Amino acid sequence: MSSIGIGIGPERLLAPAQLGVDVSENRSALNNKSALLSQRAAIVLLLGALTALGAGVLTCFNGGTLASAALVGSAAFGAGVTFFHSVID
C-alpha cells in the first residue's frame, strides 16, 4: 500500500501572469464597470435607513414591542425614501 500525500503544487503558488495567463483584458474590464448605485441613490437610501432606525428606536423606547418597532421603521423607511427622493436633486 502506497501513501499518497496531498500537497500544494508549485503552480498554485504562482500568480496567473507568471503561469502565462493573459490578465490584461480582465483588468481593463474591471476598470470599465459602472457603479451599482449612483451617489444620489446611495444618499437617499442611507437617509431612509437612518429615518427607519430612528423611528424604530423611538418606538421601542416608548414601550412598543420589537414587532411594532419593525413595522413603524419599515413604514418610516418608505416615507423617508419618498421624501428624500423628492427633496434631493
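A residue counts as buried when its relative accessible area is under 20%, as exposed when that area is over 50%, and as partly exposed in between. The exercises below apply this scale and others to a predicted model.

**Exercise 1.** Determine whether A41, V57 and A67 are buried, partly exposed or exposed.

*Solution.* Step 1: locate the residues. A41 has its place in helix α2, and V57 is also found in helix α2. A67 lies in helix α3, which covers residues 66-87.

Step 2: compare each value with the cut-offs. A41 has a relative accessible area of 24%, so A41 is partly exposed. V57 has a value of 36% and is therefore partly exposed. A67 has a relative accessibility of 51%, and because exposed means over 50%, A67 counts as exposed.

**Exercise 2.** Describe the overall make-up of the protein chain: how many helices and strands does it have, and in which order do the elements run?

*Solution.* Step 1: count the elements. The protein chain has three helices and zero strands.

Step 2: read the order. From the N terminus on, the elements run α-α-α.

Step 3: consider burial and contacts. Of the 89 residues of the chain, 16% count as buried. Among contacts between residues at least 6 apart in sequence, 60% join residues at least 24 apart.

**Exercise 3.** Compare the expected span of helix α2 with the distance between its end C-alpha atoms.

*Solution.* Step 1: find the expected span. Helix α2 has 23 residues and, at 1.5 Å a residue, should span 33 Å; the multiplier is one less than the number of residues.

Step 2: compare. The end C-alpha atoms of α2 are 33 Å apart, which agrees with the expected span.

Step 3: look just beyond the helix. Just after α2, G63 takes a positive phi of about 105°.

**Exercise 4.** Characterise the packing of α2 against α3: what is their relative direction, and which residues meet?

*Solution.* Step 1: choose the descriptors. Two packed helices are described by the angle between their axes and the distance between the axes.

Step 2: apply them. The axes of α2, residues 39-61, and α3 come within 7 Å and cross at roughly 150°. Angles over 145 degrees count as roughly antiparallel, and α2 and α3 are therefore roughly antiparallel to each other. Their crossing is right-handed.

Step 3: classify the contact. By class, the contact of α2 with α3 has 14 nonpolar, eight polar and one charged residues.

Step 4: name residues. On the α2 side, the contact includes R40, V44, G48, A52, A55, G56 and T59. On the α3 side, the residues include L66, A69, V72, G73, A76 and F84.

Step 5: relate contact to burial. The buried residues of α2 are V44, G48, A52, A55, G56 and T59. What covers these buried residues includes α3.

**Exercise 5.** State how far apart in space the C-alpha atoms of three residue pairs are: A41 and F84, V57 and V72, and A67 and G56.

*Solution.* Step 1: A41 and F84 are 43 residues apart along the chain, and their C-alpha atoms are separated by 9.8 Å.

Step 2: V57 and V72 are 15 residues apart in sequence and 9.7 Å apart in space.

Step 3: A67 and G56 are 11 residues apart in sequence and 9.5 Å apart in space.

Terms used
Residues numbered from 1 in each chain as written. Predicted model: local features only at pLDDT ≥ 70, side-chain atom pairs only at ≥ 80, totals over all residues. Heavy atoms only, no water. Helix = DSSP H or I, 4+ residues; strand = E, 2+ residues; numbered from the N terminus. Buried < 20%, exposed > 50% of the residue type's maximum accessible area, 1.4 Å probe, protein only. Axes fitted to C-alpha atoms, helices over the stretch in contact; angles between N-to-C directions. Parallel < 35°, antiparallel > 145°, perpendicular 65-115°, else oblique. Left-handed = near helix turned anticlockwise from the far one by under 90°. Contact = heavy atoms within 4.5 Å. Nonpolar A, V, L, I, M, F, W, Y, C, P; charged D, E, K, R; others polar.
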